[in-house]
Amino acid sequence: MEQRRSLRLGAVFPHLEIGPDPGAVRDWAQAVEDAGFDHVSAFDHVLGVGTGSRPGWYGFTSEHLFHEVFVLFGYLAGVTRTLELATGVLVLPQRQTALVAKQAAEVDVLSGGRLRLGVGVGWNKVEYDALGASFHDRGARSAEQVQLLRRLWAEPTVTFEGRWDRVDDAGILPRPPRGRIPVWFGGNAEPVLRRAGELGDGWLPLRAPDEKARAMVGRVRSYALQAGRDPAELGFEARLELSRVPEAKWPDFVAGWRDLGATHLSLNTMGLGLATADEHARLLRSTLEELAPVARE
């Protein structure tokens, strides 16, 4: 039987609907913190695809606004006090590993140790090509990258010879206050479940708390055991898309993931037709008031 725990509730940063005004970004983050949320989760896209040459394109485009996550979190580190800052997820293989180590360490330092790095492999080959990264080996590369990230965060200098990365007796400063940054893997594919169990501090599933989810949680824990790790130390963060789940079923969604042993759950207010950052913040506050008793039973 799954261990039942209280859920830490977070808010998804409304990239697509908040706009570029720094005041709106600040006010939203401070309202979320004042409401009592535990963390903020932000997505990662560097480039949007032009659709004029790609009829029928499905996914984010050049018309979608995405704040760059590390710069965003550097800003939020200065205007918040307690919120954990979590990427959900950073597309790690399309970025240079040593640079990610440096950027993540800087955010962690400036926020007082509040960064949690969720990583994934992404889906947009156009973005990979533009950033000069290989799309075809991105899963295996991400596993190697996490190993190097952890060494760069923990050691004064590193010598590393991998398949994709090479570091010759070099290091970063500043390093994270804890000597590490939690790394969680996002996605539902079986290789992701394996990486989460063998290497990760947690897993970010993208699905409802059904029987398939129960089995997937079990497999992540099994992979951890096979790697000689304690499955009880893994975190699990679900995401409730408020626009896709009927409001009457929100408490059931939260209770379902709580009973599956989730440790975190984020609420996404995008897609509901909200016009301002304040509207997003007000809905998050009222939803938190409704769902917090369920999450913390």
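## Exercises on a barrel and its helices

Strand 1 is mostly covered, with four of its five residues buried. The model used in these exercises is predicted.

**Exercise 1. Place strand 1 in its sheet: which strands pair with it, in what sense, and over how many bridges?**

Step 1. Take strand 10 to begin with. Strand 1 (residues 8–12) pairs with strand 10 (residues 264–268) in the parallel sense, over four bridges. Within this pairing, L9 has L265 as its bridge partner, and G10 stands opposite S266.

Step 2. Turn to strand 2 (residues 39–42). Strand 2 runs parallel to strand 1, and three bridges join the two. Here the bridge partner of G10 is H39.

Step 3. Combine the steps at G10. This residue of strand 1 faces S266 in strand 10 and is bridged to H39 in strand 2.

**Exercise 2. Give the strand order and the pairing sense of the barrel.**

Step 1. Follow the strands around the sheet. The order is 1-2-3-4-7-8-9-10, eight strands in a closed barrel.

Step 2. Assign the sense. The pairing is parallel, and neighbouring strands are turned by 25° against each other on average, direction ignored.

**Exercise 3. Find which strands helix 4 lies across and which strands helix 6 touches.**

Step 1. Locate helix 4 (residues 97–110). Helix 4 lies across strand 3 (84–91) and strand 4 (115–120), and runs at about 150° to strand 4.

Step 2. Locate helix 6 (residues 138–154). Packed on the sheet, helix 6 touches strand 4 and strand 7 (183–186), and its direction makes about 165° with that of strand 7.

Step 3. Compare the two lists. Strand 4 appears in both, under helix 4 and in the contact of helix 6.

**Exercise 4. Describe how helix 2 and helix 3 pack: at what angle, and how far apart are their axes?**

Step 1. State the geometry. Helix 2 (residues 22–35) packs against helix 3 (residues 69–79) at an angle of about 60°, and the axes are 10 Å apart.

Step 2. Classify the angle. Angles of 65 to 115 degrees count as roughly perpendicular and those under 35 as roughly parallel; the two helices are therefore oblique to each other.

Step 3. Add the handedness. The crossing of helix 2 past helix 3 is right-handed.

Step 4. List the residues. Helix 2 contributes P22, G23, V25, R26, A29 and Q30, and helix 3 contributes L72, Y75, L76 and V79. By class, the contact holds seven nonpolar residues, two polar and one charged.

Conventions. Residues numbered from 1 in each chain as written. Predicted model: local features only at pLDDT ≥ 70, side-chain atom pairs only at ≥ 80, totals over all residues. Heavy atoms only, no water. Axes fitted to C-alpha atoms, helices over the stretch in contact; angles between N-to-C directions. Parallel < 35°, antiparallel > 145°, perpendicular 65-115°, else oblique. Left-handed = near helix turned anticlockwise from the far one by under 90°. Contact = heavy atoms within 4.5 Å. Nonpolar A, V, L, I, M, F, W, Y, C, P; charged D, E, K, R; others polar. Pairing = 2+ DSSP bridges. Buried < 20%, exposed > 50% of the residue type's maximum accessible area, 1.4 Å probe, protein only.
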